[in-house]
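Biologist: Hi! Could you walk me through this structure in plain words?

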Amino acid sequence: SSVLCVFPPGLVESSCHSRIFWMKLNKLFLQGKFFQLEINDPYAGPVLLDEKLASRCGYVLSEDVWGNPIFRASVLGCHVANEADKLFSLTVNIRVSSFSSMRAAVTYTYPMYCSYSSWAPREIVCEENYMEVSVKTDVPAVSNDYTVAWMSALPETQNLAYQLWQLMFVSPSGRKRILVSDAAKLGYSFNNTLSRVYLRAPYHSNESDFSTVGGVNMNMVTSTSMYRQRWLLLLIDTTVSCPVDGTSFTDTTLTWTVPSIIPTLVLQESTFLSKSISMGVNGQVITNPQEKNYLLEHNTTHIGITIPIGAEGGKLKSSVSGGVYGVIYSIDLFLEHTWTDADWQTTKYTVIKPIITPFIPQIPTVINNTLPEERIFNVAFGHFLPDVSLVSITIGNVPFTVRQAQHQGYKIYETPFSNTTKGFILEVPFDDICVLKEYVNKNETKYTLLLNYTLSVGPEMTLYYHSAELECIIADIELPEAVGYCDKENLYLAIPILGLHQYWNLYIGNKLLNRHTVLTNGYFAATNSTHLILQIPLFAIGVTYEEVSFQKIKARFDVALRKVRTLETLEIFSTRCNFNSSAFVVCHPDGTIMISAQMKTIPAIDMSKTKLRDSSCKPKEYNEEHAFFKFHVTTCGTSVRFEGDHIIYENEISYEKETLPGRSLPTITRDTDYRLTVLCYYRAKETLMLGAFVSDSSTHTSPAFGSGAVVPRSNIAVYRRIRQVLNVVSRVSKDVSFMEFYEPNKAILRRSLDPVFLEVELKDESPEAELYLDNCWVTASLDFNSTSRWNITVDG
């Protein structure tokens with residue numbers, strides 16, 4: 001059942017173009033509802049429109065490129081009221097229901113009117129679902145040259161039924177003659193009006209045939225309509241031929257090609273003359289195609305229409321194919337070609353062609369509009385058509401709907417782009433919990449934003465996913481600045497605690513600065529609310545002596561700021577000062593020993609007469625109480641011995657007994673000679689001892705160092721120093737060729753007169769380093785302290 005209602009405004013638009021009824025329904029009115037069309041037959045009442053009825057009766061039901069339902073009907077359609085082949089009317093019922101069963105439908109009756117009087121002798125319409133040809137019958141359409149088609153039809157006329165129209169089809173399978181009533185059962189429609197006869201045929205019928213004209217496939221029905229009366233024999237050529245393809249595409253354009261001359265429709269090509277060619281979009285003739293960037297071209301063989309993809313009049317629709325986003329462009333074109341020839345005088349040929357492009361992939365772009373100084377990721381994602389919406393977004397690994405993301409404090413919104421496209425803007429602060437942070441380089445942080453968009457695409461609402469990764473590196477970490485100072489006996493380094501990052505560690509040399517390092521090296525560490533304060537005694541391990549002179553030392557202490565993972569040094573915090581020291585010994589890694597000795601005696605000693613074991617080694621500088629010596633461990637009578645894991649270089653400062661001047665006897669002398677023992681310590685495991693024993697340098701796991709001490713006879717005041725030594729490697733060759741070598745750490749037996757071939761290599765890149773060999777010997781045992789030894793090198 002249905003209810004007849006007054007027609008609502010805005011539901012329907014209608015017009016008449018090229019003898020075609022056009023009716024468009026408003027999709028917004030029909031949204032969420034179901035509808036049917038009924039054709040009102042003037043005599044039989046409403047007839048439900050279906051596919052078979054549409055193709056046979058000259059109707060088309062489809063959608064335009066915007067999704068609005070479109071109904072088209074030929075003025076020669078089955079249920080059209082015809083007044084003298086000039087005025088035409090057709091009434092359509094539009095049934096609308098909220099249910100698919102169409103119950104409780106509301107029916108709107110809509111009449112349409114069309115006037116058309118400029119009929120050509122032959123008119124052909126190629127619609128989406130049918131081909132139609134109509135010809136005038138008031139003038140005999142008999143060819144003068146009696147073509148093959150006519151000659152083959154004449155014998156058939158002898159068997160024509162009296163006063164009945166019949167159709168004869170010629171196809172590859174042969175001739176077929178049938179009554180009009182039987183043709184209707186095969187999907188054909190044949191009828192006549194006051195002055196015309198028309199045939200309507202579906203595409204791809206059994207009686208049709210295919211041919212190729214200029215590369216375009218044509219579907220044609222070759223037929224003759226025949227009528228016999230008492231004094232009349234009427235034969236009418238009702239052949240029709242329509243293109244079924246002819247479309248081609250590039251990335252930016254579509255082209256529709258139709259043959260200029262169709263041989264089955266133009267039998268005498270020499271008499272063919274093209275009169276007019278026009279094109280239209282959505283049923284509207286385009287008078288100036290160039291204004292809309294359309295291109296209409298024609299020559300003797302082809303007519304071509306080229307449309308830019310996305311051009312006005314068509315529609316781009318978003319789509320997803322194989323997980324890829326893209327667009328499909330559709331446009332409803334028609335072409336009208338009028339020509340003359342000797343057979344038909346004038347033919348009007350109209351083709352209506354909805355064109356849809358194949359899927360065109362469109363890779364969306366993620367545009368990073370981030371301004372680092374604002375510390376906010378600003379990400380634009382586009383370009384999309386209006387039929388795309390953002391469903392959800394995963395930030396980091398946390399999924400949000402758009403509303404949830406906005407509620408969480410993220411800024412996310414649509415923004416218009418060029419050419420009616422749009423994009424989605426997202427703003428995420430650098431410090432957001434979903435942003436990955438990584439310390440890189442010296443004082444830079446890399447912020448990484450991982451995104452995964454979920455979009456609803458097209459009217460089908462297909463889900464599309466797109467992931468993106470954005471990075472921004474900014475120098476937003478301040479390296480700390482340390483302050484150094486000194487007192488009379490210590491160096492100090494104050495390092496701000498707040499400036500220390502979890503990515504950094506402090507190192508003294510190659511040792512991590514921690515409680516253990518502080519305690520074992522004799523440092524003192526304290527912290528206040530702002531700084532770590534490190535106190536380093538002048539003669540503590542790790543102090544570098546840049547200049548040493550008489551009673552003066554220029555000392556430096558370094559703390560390195562290093563990366564936790566790579567140990568790359570970022571900064572060196574240094575404090576350096578000049579110290580006045582009355583007594584010290586400095587043992588350099590190159591073997592240089594510097595001593596400032598203080599000798600308080602009564603009466604005073606003449607410090608210029610002090611000396612080392614080698615009496616030629618005198619002080620470099622002196623005053624009444626102090627003497628300054630500088631010498632190498634290989635000179636001035638310095639001896640070497642081994643104690644445990646140390647090598648000890650030893651010398652002594654002495655002042656020999658002298659007689660004091662006096663006026664009377666007995667003579668006054670000093671009680672004893674003055675002697676001050678000087679010791680420098682180096683670790684034996686870290687220093688290479690040459691001879692029968694060879695150390696393998698590859699086994700070193702800690703830096704080499706040495707230490708020095710001043711040991712007076714009275715056994716007071718010991719000063720120790722730790723210093724790095726040079727990296728030296730030695731090997732003992734089996735012969736003079738130096739090609740084969742003994743294995744390290746093994747005893748080598750030699751007779752007393754046999755030569756020993758020794759190779760010593762200094763692995764130090766410093767241009768100031770030089771290699772000297774001294775104190776090389778052989779012994780009968782592996783004990784370095786063995787008293788039986790034979791020198792190999794002397795004054796190396």
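Modeller: Sure, we can go through the core, some strands and a few unusual spots.

Biologist: Great. What kind of model is it?

Modeller: This is a predicted model, where local features need pLDDT of at least 70, side-chain atom pairs count only at pLDDT 80 or more, and totals for chains, interfaces and linings use all residues. Residues are numbered from 1 along each chain as its sequence is written, and side-chain values use heavy atoms, with hydrogens and water left out.

Biologist: Which residues touch the most other members in the largest nonpolar core?

Modeller: Those are Ile307, Tyr349, Phe377 and Ile395, in a core of 85 residues. A nonpolar core is a set of buried Ala, Val, Leu, Ile, Met, Phe, Trp, Tyr and Cys residues joined through side-chain atoms within 4.5 Å. Buried means under 20% relative accessible area, exposed means over 50%, and partly exposed is in between (1.4 Å probe, protein chains only).

Biologist: Which strand gives the largest share of this core?

Modeller: Strand E28 (residues 324–341) does, with 7 residues. Strands (E, at least two residues) and helices (H or I, at least four) are DSSP runs, numbered from the N terminus. There is also a second, separate core of 33 residues, which includes Leu538, Leu561, Leu570 and Phe584.

Biologist: New topic: sheets. What is the strand order in the open sheet of 4 strands?

Modeller: The order is E31-E32-E36-E35, and the pairing is antiparallel. Two strands pair if DSSP finds at least two bridges between them. At the edges sit E31 (365–368) and E35 (411–416), each pairing on one side only.

Biologist: How many bridges are there between E35 and E36?

Modeller: There are 6 bridges between E35 and E36 (residues 422–429), in the antiparallel sense. As for partners, Lys411 stands opposite Glu427 in E36.

Biologist: Anything odd in the backbone around there?

Modeller: Yes, the peptide bond from Gly382 to His383 is cis, with omega near -5°. His383 lies in strand E32 (residues 376–384).

Biologist: Now E41: why is it described as largely enclosed by the rest of the structure?

Modeller: Because 7 of the 7 residues of E41 (residues 490–496) are buried. Both faces are covered: Asn490, Tyr492, Ala494 and Pro496 are buried on one side, and Leu491, Leu493 and Ile495 on the other.

Biologist: Which strands does E41 pair with?

Modeller: One partner is E40 (residues 483–486), which pairs with E41 in the antiparallel sense over 4 bridges. A hairpin through 3 residues joins E40 to E41, and Cys486 has Leu491 as its bridge partner in E41. E41 is also joined to E45 (residues 531–537) by 7 bridges, again antiparallel. There, Tyr492 stands opposite Gln535 and Leu493 stands opposite Leu534.

Biologist: In E45, which side chains are buried?

Modeller: Leu532, Leu534 and Ile536 point to one face and are buried. His531, Ile533, Gln535 and Pro537 point to the other face and are not buried.

Biologist: What about E44 and E45?

Modeller: E44 (residues 524–527) and E45 run antiparallel, joined by 4 bridges. The two form a hairpin with 3 residues between them, and Ala525 stands opposite Leu534 in E45.

Biologist: Let's go to the surface. Which residues make the nonpolar patch of about 280 Å²?

Modeller: Val391, Leu463 and Tyr465 make that patch. Patches are made of residues with over 30% relative accessible area and no salt bridge, where like charges are joined within 9 Å and nonpolar side chains (Val, Leu, Ile, Met, Phe, Trp, Tyr) within 5 Å. A salt bridge is a side-chain nitrogen of Lys or Arg within 4 Å of a carboxyl oxygen of Asp or Glu. Accessible areas come from the Shrake-Rupley method with a 1.4 Å probe, and for residues only the protein chains shown count as cover.

Biologist: Where is Leu463 found?

Modeller: Leu463 is in strand E39 (residues 462–474), and it is partly exposed, with a relative accessible area of 42%.

Biologist: Last one: what is the phi of His204, and is it buried or exposed?

Modeller: His204 has a positive phi of about 60° although it is not a glycine. His204 counts as exposed, at 51% relative accessibility, and its place is in the loop between E16 (196–202) and E17 (209–213).
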